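Please walk me through this model in the viewer, one selection at a time. Say what to select next and what is there.

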Amino acid sequence: HASIASKESWDDVLFQLESDNARLRDDRREKRRLVKSVRRELADAKEQIRSLQENETEMRRSLERLVASEEQLRRDKRELQLALSAKQQRVSLQEHRIRGVDGANARFLSGLEDLHELTP
């Protein structure tokens with residue numbers, strides 16, 4: 001009886017060990033699969049980060065070009081405003097001179113008329 005019970009208990013232990021071993025192999029396979037999956041996801045995430053960094057760099061360059069263009073437009077606007085102001089001053093001066101010449105012409109014509117009236 002003792003040897004049969006002992007054999008059955010060894011069979012039970014052996015069965016349990018084989019079951020545990022099979023479970024451990026399955027667990028190990030699952031862990032390897034998970035590790036591969038995580039590595040793929042990590043590689044994908046690294047690629048996405050690299051792509052985002054490239055996009056960010058390109059956007060930063062574009063923004064720098066826009067800022068530089070805006071600054072150039074401001075300088076151009078100031079130059080145009082100065083040029084326009086100078087031209088407006090010249091126009092105002094010329095208008096003043098024209099009014100002076102018109103006044104002198106009017107006085108001259110008036111003097112001619114007076115002279116013409118005095119002459120028989």
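**A tour along the chain**

Select Arg 61 to begin: this residue is partly exposed, with a relative accessible area of 45% (buried is under 20%, exposed over 50%, partly exposed in between, with a 1.4 Å probe and protein chains only). This is a predicted model, in which local features need pLDDT of at least 70 and side-chain atom pairs pLDDT 80 or more, while totals for chains, interfaces and linings use all residues. Residues are numbered from 1 along each chain as its sequence is written, and side-chain values use heavy atoms, without hydrogens and water.

Add Glu 58, whose salt bridge with Arg 61 has its closest N and O atoms 3.7 Å apart (a salt bridge is a side-chain nitrogen of Lys or Arg within 4 Å of a carboxyl oxygen of Asp or Glu). The two are about one helical turn apart because Glu 58 and Arg 61 are three residues apart in helix α1 (helices are DSSP runs of H or I, at least four residues; strands are runs of E, at least two; numbering is from the N terminus).

Next, select Glu 47 and Arg 50, a salt bridge with 2.2 Å between the closest N and O atoms. Glu 47 has a relative accessible area of 39% and is therefore partly exposed.

Move to Arg 33 and Glu 30, where the N to O distance of the salt bridge is 2.4 Å. Then pick Asp 20, Arg 23 and Asp 27, which salt bridges link in a network.

Finally, show the whole protein chain: one helix and zero strands, in a C-alpha box of roughly 175 × 15 × 15 Å along the principal axes.
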